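Please look over the sequence and the structure shown below before reading on. The paragraphs that follow take up one residue and then the sheet with its helices.

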Amino acid sequence: MKSITVFTPTFNREKTLVRLYNSLCSQTSPDFKWIIIDDGSTDNTSAQVEKWIEENKIEIQYYYQKNKGKLAAQILALDYIDTELFTCIDSDDYLPDDGIRKILKFWKDNRKSNSAGIIGLDAYEDGSVAGEYLPNVEESTYSELVDYYKIKGDKKYIFDTAKYKKYLPYPYFENEIFHEVSWIFTLIDQDYKFLISNEIYCIIEYQQDGLSNGLYKRYKTSPKSFIEYRKMKMKYGINKKVVLKNSVHYVSSCLFAGKWNFFKDSPNKLYTLMAIPFGILLNVYINYKIKQSTQRIKQGKLK
């Protein structure tokens, strides 16, 4: 059995998927397998992957589902992930040649009984780190990194599979595509910490239609998912500021979901009451930003 699974959700990314495949074939350690979840692609992805499977350079498992979004792809992948570790590498990203080797060595040298996995660095092709370096600590919860250290930019998450699966299933809503997958981090934080590594494990490139763009649209089109995420942060926030911030977002998401009784499922009714006027304003602001973005896209198409 391999030690780590690289999981890739993909949708019409045959061109960038080739780069990821080539990077996996170039790994200095072969101790991994690649699971591809094709989220309803209509391009040549399927035929391309079948060709790679026939080449037999690396171990590949390929599964197809109708277009449901990244979380649905991850839920399906988790049914097949049986390695000690797993990590998600998006179809427009790729690994440095020694990425797998570095991950496995760091895990072997540093893991503890309370380690949920590793948080390392993403970088751009020019070598610059996405956002900023991680704090000089051996371990941390995800919430501490985001809410205490205020770390910016995408990072690479490698999970202990058995520990991760303890907190499943995800709250999932069939009519929402852009689920907030960070929901599970808050639960993991209650029992475990992540090892912190300032090694670069992934090279990233943002696509114009990727999930890294369009955050405001995600708030509006997937409000039930964000409600569940905000409820977690309201319940387990590391300080009052975090609880209030997420209460404001909770109210805004409730409005997008047409859920007018903000208090019914709220884990913190006092902060929800305080957040109502700010949540309404945030909802108006998000709608304004979406309208602005839509107008820019239309103007661009007209030119």
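Where in the chain is the place of I238? In this predicted model, I238 sits in the loop that lies between α9 (223-236) and α10 (240-256). I238 counts as partly exposed because its relative accessible area is 39%, a value that falls between the limits of 20% for buried and 50% for exposed. When its neighbours within four places in sequence are left aside, I238 is in contact with S143, E144, D147 and Y148. From G40, by contrast, I238 is separated by 198 residues in sequence and by 39 Å in space, taken from C-alpha to C-alpha.

The sheet can be followed next. Eight strands make up an open sheet with mixed pairing, and their order is β3-β2-β1-β4-β7-β5-β8-β6. The edges are held by β3 (60-65) and β6 (139-140), and each of these has a single partner strand, so one side of each is left without a neighbour in the sheet. Within the sheet, strand β5 (residues 115-123) pairs with strand β7 (residues 155-160) in the antiparallel sense, over five bridges, and the residue in β7 that serves as bridge partner of I118 is I158.

Two helices can be placed against these strands. Helix α2 (residues 45-55) packs on the sheet, where it touches β1 (4-10), β2 (32-39) and β3, and the direction of α2 makes about 160° with that of β3. Helix α3 (residues 70-78) lies across β1, β2, β3 and β4 (85-88), and α3 runs at about 145° to β1.

Definitions and conventions. Residues numbered from 1 in each chain as written. Predicted model: local features only at pLDDT ≥ 70, side-chain atom pairs only at ≥ 80, totals over all residues. Heavy atoms only, no water. Pairing = 2+ DSSP bridges. Helix = DSSP H or I, 4+ residues; strand = E, 2+ residues; numbered from the N terminus. Contact = heavy atoms within 4.5 Å. Axes fitted to C-alpha atoms, helices over the stretch in contact; angles between N-to-C directions. Buried < 20%, exposed > 50% of the residue type's maximum accessible area, 1.4 Å probe, protein only.
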